[in-house]
Amino acid sequence: MIAFTVKFFRGAALLSTAVILSACGQSDINASNASSSTANASNASSGEANARQIKQTVTPANNPDLLKKVSATVYKDANCGCCKEWIGHAEDNGLTTTNHDVADLSLFKERYGVPTEMRSCHTAVTSDGYVIEGHVPAKYVAEFLQNPPKQAIGLAVPGMPVGSPGMEYQDKFMPYQIMQINKDGTNQVYAEVEFAEQQL
């Protein structure tokens, strides 16, 4: 019975991820992004996360002063709906953005040092040169930029976890990690987002 329950939750997580990926509307999600999303779904469906895999999301409170003095260039696919949603989230929290629709996102990810396993559907680069990869909540962007670790080039949310800013879907939320990308190509956990409320 336990084995059946675990398989059921894994299947549900993978199905949810597939639905979200298609809802995103991005035409050229590469295999590494899709596999990262699948890995996130598998991780979220194991162990104690099973009980929290699907939770009611909380509408983020906007704080226009949070990133008021920060500007960034965002590289994305023209057809990516979730990228536009994340940009809206960031701008609602004060970020000034310049957006570029590009045909080959991997060129920009390589240029700015985003490791393959850390990649998502869009890449933002602040005017100070820090990389914000994927659906990182504005709260954590602001926290990071206030005191960036010396070895860090930025933050990433690999894949596209359900319930992260820009990836809201019905009332679902999947716990995820915000990763710190380092200059030497390594990465480490910057924050664990276990509940939607932590994104506020």
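A salt bridge here is a side-chain nitrogen of Lys or Arg within 4 Å of a carboxyl oxygen of Asp or Glu. With that in hand, a search across the whole of this predicted model turns up three salt bridges. Before going through them, a quick look at the chain itself helps. It contains five helices and seven strands, and the order along the sequence reads α-α-β-α-β-α-β-β-α-β-β-β. Of its 200 residues, 48% are buried. Among contacts with a separation of 6 or more, 66% come from residues 24 or more positions apart. The exposed area adds up to about 9400 Å², with 53% of it supplied by carbon and sulfur atoms.

Now for the charged pairs. As a bit of background, side chains of opposite charge can pair when their charged atoms come close. One of the three salt bridges joins lysine 68 to aspartate 65, with 4.0 Å between the closest N and O atoms. Lysine 68 has a relative accessibility of 56%, so it counts as exposed. Aspartate 65 is exposed as well, at 54%, because the cut-off for that label is over 50%.

Another salt bridge pairs aspartate 101 with lysine 76, and here the closest N and O atoms sit 2.7 Å apart. Aspartate 101 belongs to strand β2 (residues 96–101) and lysine 76 to strand β1 (residues 71–76), so this pair ties together parts that are 25 residues apart in sequence. The two partners get unlike labels for burial: aspartate 101 is partly exposed at 48% relative accessibility, whereas lysine 76 is buried, with a relative accessible area of 5%. The 5% figure for lysine 76 earns the buried label because that label covers anything under 20%.

The remaining salt bridge runs between lysine 109 and glutamate 133, whose closest N and O atoms are 2.6 Å apart. It links distant parts of the chain, with lysine 109 in helix α4 (residues 105–111) and glutamate 133 in strand β4 (residues 131–134), 24 residues apart. Lysine 109 and glutamate 133 are both buried.

On to the aromatics, where the same kind of whole-structure search gives five pairs. In one of them, phenylalanine 144 and tyrosine 190 have ring centres 6.0 Å apart and planes at 75 degrees, so the arrangement is edge-to-face. Phenylalanine 144 is part of helix α5 (residues 138–146) and tyrosine 190 is part of strand β7 (residues 187–193), so the contact ties together parts 46 residues apart in sequence. Phenylalanine 144 is buried, at 0% relative accessibility, while tyrosine 190 comes out as partly exposed at 22%. A further aromatic pair is made by phenylalanine 173 and tyrosine 176: the ring centres lie 6.2 Å apart and the planes meet at 55 degrees, so this pair is tilted. Phenylalanine 173 and tyrosine 176 are buried. Elsewhere, Tyr75, Phe108 and Tyr112 come together as one aromatic cluster.

Terms used:
Residues numbered from 1 in each chain as written. Predicted model: local features only at pLDDT ≥ 70, side-chain atom pairs only at ≥ 80, totals over all residues. Heavy atoms only, no water. Buried < 20%, exposed > 50% of the residue type's maximum accessible area, 1.4 Å probe, protein only. Helix = DSSP H or I, 4+ residues; strand = E, 2+ residues; numbered from the N terminus. Phe/Tyr/Trp six-rings, centres within 6.5 Å; stacked < 30°, edge-to-face > 60°. Contact = heavy atoms within 4.5 Å. Areas by Shrake-Rupley, 256 points an atom, 1.4 Å probe, with all protein chains shown as cover.
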